[in-house]
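Here are some exercises to work through with the model open on your screen. Try each task before you read its solution.

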Amino acid sequence: MIAATDLKKYFGAVAAVDGVTFTAGDGQVTGLLGPNGAGKTTTLRMLYGVMRPDSGTIEVDHIDATKHPRDAQARLGVLPDLAGLYPRLTAREQVRYYGELHGLESGLLEERTTELLRTLDLMHLADRRSAGYSHGERTKVAIARALVHEPQNVLLDEPTNGLDVMSTRAVRAIIRRLKAEGRCVLFSSHVMQEVSALCDSIVVIAGGRVVAHGTPDELRAKAGYDSLEDAFVALAGSGEPR
Amino acid sequence: MKRPGPVPRWARQVRVVLVKELVDSFRDKRALVSILLSILVGPLITGFMMNRIADRQKDADDVRIPIVGARNAPALVQWLSQQSGVSVAIGPGDPEQAVRDQTEYVVLVVPPDYAADFRSSRPASIKVVADGARADTQGQVQRVQRLLAQYSAEIGALRLIGRGVSPAAATPLKVEEVEVSTTQQRAAKLLSVIPLMVLLAAFTGAMQLATDATAGERERGSLEALLVNPVPRGALALGKVMASALAGMLAVMVTAGLCTALLRFIPLQELGMRFRFGTPHMVGLMAAALPVCLLTASVQSCVATLAKSFKEAQTYMGILILAPMIIGVMGTLYPIDNQPWMYGVPLLGQYVLLTSVLGGYAPGPLAFLVAAVVCVLTAGLLLRATVALLNNERIVFGR
C-alpha cells in the first residue's frame with residue numbers, strides 16, 4: 001500500500017507537484033493519468049525515493065518513506081522513467097545484480113531470475129548481452145530486475161511507452177498477474193485505453209495537482225461524459241477540480 | 001569465545017557493486033585496449049631511454065679520433081693510439097665541413113709549425129674541431145679534450161724534471177672530487193622516468209572504469225534505476241571507487257613489474273652503476289604506489305560524477321592526468337631534495353618515495369605510512385564529496 005499526502009516539489013519557482021494526495025491499495029491497479037508535464041514522473045520519483053519532497057508525507061506499507069527511504073525502497077519494485085540497462089551484461093546478470101543488491105541468497109536468486117525470465121518470455125536473451133536488445137526487450141528486462149525481490153508494491157512509469165502491440169500485451173499481462181497476487185500496482189500513463197482497461201482506480205493529475213480520483217465509472221460520471229477520453233480532457237484541461 | 005559478527009549489509013552491497021563494475025568493465029574492449037596501451041607505454045619509454053643513455057655512455061668510452069696533419073706530431077699520435085678505447089684515423093680534407101655535416105663528431109688539426117713550437121718549448125697549438133650544439137657527442141668531445149690535457153700535463157712534468165724542478169711546484173692545487181651520491185642514487189636520477197610512469201599508470205588504469213561507472217552510468221540512463229535499490233549512496237560510491245582503484249592497482253603493478261624487469265636487460269653496468277633491483281625494492285615501490293590508486297580512483301570518480309556527460313568527464317580526466325606529469329617534469333628539471341613535508345602531499349609524496357626506493361636509500365616505514373594515510377584520508381574526503389553529489393537531484397537528473 002502506498003499513501004501520498006500533500007506532496008509538493010518545486011524546481012526553482014516552478015511547482016512541478018503542488019499538493020498531490022492519493023492512496024494506492026493492495027490487490028489493486030492504480031493509474032496515474034495526466035498529460036505530458038503534469039507531474040506524474042516527479043510524483044513517482046518522490047514515491048520511489050530518488051527525489052525528496054519539499055513537503056508532504058509518503059507511506060509505503062505504513063513505513064514513513066521520507067524518514068526511512070531504504071526500508072521503503074526494499075518494499076518497492078520500480079520501472080523508473082530512466083530504466084537503462086548495462087549493455088555489456090546479459091539479461092540474467094542485470095536481474096541478478098539487482099537481486100544481490102536486495103540481499104537475496106544466491107540459490108533463491110537463481111531460481112527467481114530464471115522464473116522471471118521465463119514468465120516474461122526472455123529466456124532466449126538470458127545469456128546474451130543487452131547491447132542489441134529491442135526497446136520492448138529492454139523494457140521487459142527492466143521490469144524483470146524490478147520484480148526480482150518480489151516487492152509488495154510495484155511502480156511503473158509509463159511502462160508501455162513506445163512498445164509494439166505484442167510487448168504492450170505482455171506488460172499488461174504482468175500488471176494483471178501482480179494484481180492477482182495481491183500486490184499494489186501503481187503506473188503512470190497518458191494513454192486512455194490502457195488506463196481504462198487495467199485500472200481499478202484512477203488518479204488524474206494536471207498542473208501538479210490531483211484533479212480527480214476514482215474508478216473509471218466514477219470519473220465518467222463526475223465529468224458528465226460517457227467516454228473516458230472526453231472525461232479526461234474535461235478534467236485535465238481545466239487544471240482545477242470540479 | 002568471541003565470534004566475528006556477520007558482515008554488515010552495506011559491506012555486502014559494496015562487494016556486489018565492486019564485482020559488477022569489474023565484470024562490466026573487463027568486457028569493455030575499448031577500455032581494455034586503452035588500459036593495455038597505457039600500461040605498455042611506460043615500460044617501452046623506459047627501456048628506450050635507458051638504452052640510449054647506455055649507448056651514449058659506451059660511445060664516450062670508445063672514441064675514434066680523426067687527425068689532420070698527424071705527420072706533424074708523431075709522438076702525440078702514438079700516445080693517443082696507446083690509450084685504451086682510442087683509435088686514431090686520418091682526418092678529412094675539410095675538418096670544419098665534416099663536423100658541420102656530422103660525418104665526424106670531432107677532428108684534431110695539427111698545424112705544420114707544431115713540431116717547431118714543441119721542440120723549442122713554446123706552447124704548440126692544436127685545434128679541436130667540434131660542434132658544441134650537438135648534445136649526443138658531448139661525452140666523446142670531452143674525452144678527447146681530457147686526453148689532450150693529460151698529454152700536455154705529462155709533457156710539462158717531463159720538461160720540469162729536465163730543468164731540475166719538481167713537477168709538484170707547477171701543481172699548486174690538487175683537486176679531489178668527493179662523490180657523495182651513491183652509484184644507486186645516480187642510477188635513480190637516470191631511472192627517474194619510472195616513478196612518473198608508475199604514477200601515470202595509477203591514473204590511466206583507474207580512469208576508464210571511474211568514468212564509465214559514474215558519468216557512463218548516468219548517460220546510459222541506468223543511474224536512476226540503480227538508485228531505486230535500497231542501497232546507501234555511500235555503499236554505491238565506495239563499490240565503484242574500489243573497483244576503479246583495483247584497476248589502477250593492476251596497472252601500477254604491471255607497469256612497475258615490466259619497468260623493473262627491463263632493468264635486467266639494460267646494460268646498467270656500462271653507466272657506471274651497480275644497480276641491483278631486488279624484492280625489497282619491489283615491496284617498497286608497491287607500498288609507495290598502491291595507496292595512490294585509492295586517491296586517483298576517488299578523485300576521478302568525483303570529477304566524473306560532477307561532469308554533465310561522458311565526453312565532459314573524459315576531458316576532465318585529461319586535465320587530471322597533468323598533475324603527475326607536472327610533478328614528473330619538475331622532478332627531472334629541478335632535482336627534488338627530499339624534505340619531510342613532501343610525504344604529506346599526495347602524489348608528490350609518492351613520487352619522492354618511488355624515487356628514493358629506486359635510488360636504494362628508502363626512508364623509514366614512517367614516511368611510507370604518512371604518505372599512505374594522507375592518500376587514504378584525501379580519498380575518503382573525495383568519496384564523501386561523491387556521495388554528496390549522488391544525493392544531489394540536480395546532479396542525478398542533470399538539471
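**Exercise 1. Find which helix of chain A holds Thr42(A), and decide whether Thr42(A) is buried or exposed.**

Step 1. Thr42(A) belongs to helix 1 of chain A. Helices (H or I, at least four residues) and strands (E, at least two) are DSSP runs, numbered from the N terminus. The model is a predicted one, in which local features need pLDDT of at least 70, side-chain atom pairs count only at pLDDT 80 or more, and totals for chains, interfaces and linings use all residues. Residues are numbered from 1 along each chain as its sequence is written, while chains are lettered from A and ligands numbered from 1 in the order in which they are written.

Step 2. Thr42(A) counts as buried because it has 23 C-beta neighbours inside 10 Å. The cut-offs are 20 or more other C-beta atoms within 10 Å for buried, 12 or fewer for exposed, and anything in between for partly exposed, with C-beta atoms placed from the backbone.

Step 3. Leaving out residues up to four places away in sequence, Thr42(A) touches Lys9(A), Ala16(A), Val17(A) and Met51(A). Contact here requires C-beta atoms, placed from the backbone, that lie within 7 Å.

Step 4. Now try a distance: from Thr42(A) to Arg128(A) it is 33 Å, C-alpha to C-alpha, with their positions 86 residues apart in sequence.

**Exercise 2. Work out the strand order of the open sheet in chain A, and place helix 1 of chain A relative to its strands.**

Step 1. The open sheet has 4 strands in the order 2-1-4-5, with antiparallel pairing. Two strands pair if DSSP finds at least two bridges between them.

Step 2. Strand 2 (14-24) and strand 5 of chain A are at the edges; each has a single partner strand, so one side of each is left without a neighbour in the sheet.

Step 3. Strand 4 and strand 5 of chain A are joined in the antiparallel sense by 2 bridges. For Val60(A), the bridge partner in strand 5 of chain A is Ile63(A).

Step 4. Helix 1 (residues 40-47) of chain A lies across strand 1 (2-11), strand 2 and strand 4 of chain A, and runs at about 120° to strand 1 of chain A. Such angles run from 0 to 180 degrees between N-to-C directions, and axes are lines fitted to C-alpha atoms, for helices over the stretch in contact.

**Exercise 3. Compare the phi values of Asp61(A) and His62(A), then look at their surroundings.**

Step 1. Asp61(A) sits in the loop between strand 4 (55-60) and strand 5 (63-64) of chain A, and His62(A) lies in the loop between strand 4 and strand 5 of chain A.

Step 2. Asp61(A) has a positive phi near 50°, and His62(A) has a positive phi of about 65°. For background, most residues other than glycine have a negative phi.

Step 3. Asp61(A) is partly exposed, with 18 other C-beta atoms within 10 Å. His62(A) counts as exposed, with 7 C-beta neighbours inside 10 Å.

**Exercise 4. Which strands pair with strand 8 of chain A in the parallel sense?**

Step 1. Strand 3 (residues 28-33) of chain A does so over 6 bridges, and there Leu33(A) has Ser189(A) as its bridge partner.

Step 2. Strand 7 (residues 153-157) of chain A also pairs with strand 8 in the parallel sense, over 5 bridges. Here Val154(A) stands opposite Val185(A).

Step 3. Check the cover: 6 of the 6 residues of strand 8 (residues 184-189) of chain A are buried. Cys184(A), Leu186(A) and Ser188(A) point one way, while Val185(A), Phe187(A) and Ser189(A) point the other.

**Exercise 5. Describe how chain A meets chain B, and what helix 3 of chain A gives to the side of chain A that touches chain B.**

Step 1. In the contact, 26 residues of chain A meet 22 residues of chain B.

Step 2. Helix 3 of chain A gives the most to the side of chain A that touches chain B, with 4 residues.

Step 3. 11 of the 11 residues of helix 3 of chain A are buried, so this helix is largely enclosed by the rest of the structure. Its buried residues pack against helix 4 (106-119) and helix 5 (135-147) of chain A together with helix 1 (9-26) of chain B.

Key:
Two residues are in contact if their C-beta atoms, placed from the backbone, lie within 7 Å.
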